[in-house]
Amino acid sequence: MQLDSGAVAEGRITRVTDFGAFIQFENGETGLVHISQIAHSFVRNIHDHVREGENIEVKVLGRDERGRLDLSIKELLEEPEEVPRPRAIGRQSPQFEAKLRSFMRDAKERTTTGGPKKPGGSGSTSTKRKK
């Protein structure tokens with residue numbers, strides 16, 4: 001079995017990690033399917049897509065500088081019409097927006113005027129003592 005770039009082959013998943021799945025082929029060679037090559041959508045948990053011991057068909061993308069196989073499952077899947085995008089954060093409540101504006105205004109005043117003055121003092125922060 002020749003595993004050249006572009007070849008499609010079946011292998012067995014020998015190990016699943018947070019960053020990908022290791023596939024072993026009949027000829028004894030092992031390659032990695034990086035988590036980014038599992039599916040067209042964002043893969044939060046690789047264990048939702050593959051299981052150790054499972055036989056799976058993969059496409060050989062090539063070899064890295066050390067001769068290791070780079071593999072893909074995604075390349076064999078039909079690409080969806082529109083790739084799902086992460087959900088946008090909804091608009092915050094008006095109360096939150098008002099508090100944020102107030103905080104930003106106060107922060108700007110503190111940075112431009114040197115900060116708030118202490119009550120009853122001259123505003124000086126010097127700690128020199130008279131002898």
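Does Ser72 count as buried or exposed, and what is its relative accessibility?

## Ser72 in strand β5

In this predicted model, Ser72 counts as buried because its relative accessibility is 0%, and buried means under 20%. The residue lies in strand β5, which covers residues 69–72.

Two polar contacts involve the side chain of Ser72. One, at 2.7 Å, links this side chain to that of Gln37. In the other, the side chain of Ser72 reaches the backbone nitrogen of Lys74 at 3.3 Å. With residues up to four places away in sequence left out, Ser72 touches Val33, Gln37, Val58, Lys59 and Leu61.

## Strand β3 and its two faces

Val33, one of the residues that Ser72 touches, belongs to strand β3, residues 30–34. Side chains alternate along this strand. Gly31 and Val33 point to one face and are buried, whereas Thr30, Leu32 and His34 point to the other face and are not buried.

## Partners of strand β3

Strand β3 pairs with strand β5 in parallel, through three bridges. In this pairing, Val33 stands opposite Leu71 of β5.

Strand β3 is also joined to strand β2, residues 20–24, by five bridges; these two strands run antiparallel. Here Ile23 stands opposite Gly31 of β3. Strands β2 and β3 form a hairpin with five residues between the strands, and in this hairpin Gly28 takes a positive phi near 95°.

Definitions and conventions:
Residues numbered from 1 in each chain as written. Predicted model: local features only at pLDDT ≥ 70, side-chain atom pairs only at ≥ 80, totals over all residues. Heavy atoms only, no water. Buried < 20%, exposed > 50% of the residue type's maximum accessible area, 1.4 Å probe, protein only. Helix = DSSP H or I, 4+ residues; strand = E, 2+ residues; numbered from the N terminus. Pairing = 2+ DSSP bridges. Polar contact = N/O pair within 3.5 Å; in protein donor to acceptor, adjacent residues only side chain to side chain. Contact = heavy atoms within 4.5 Å.
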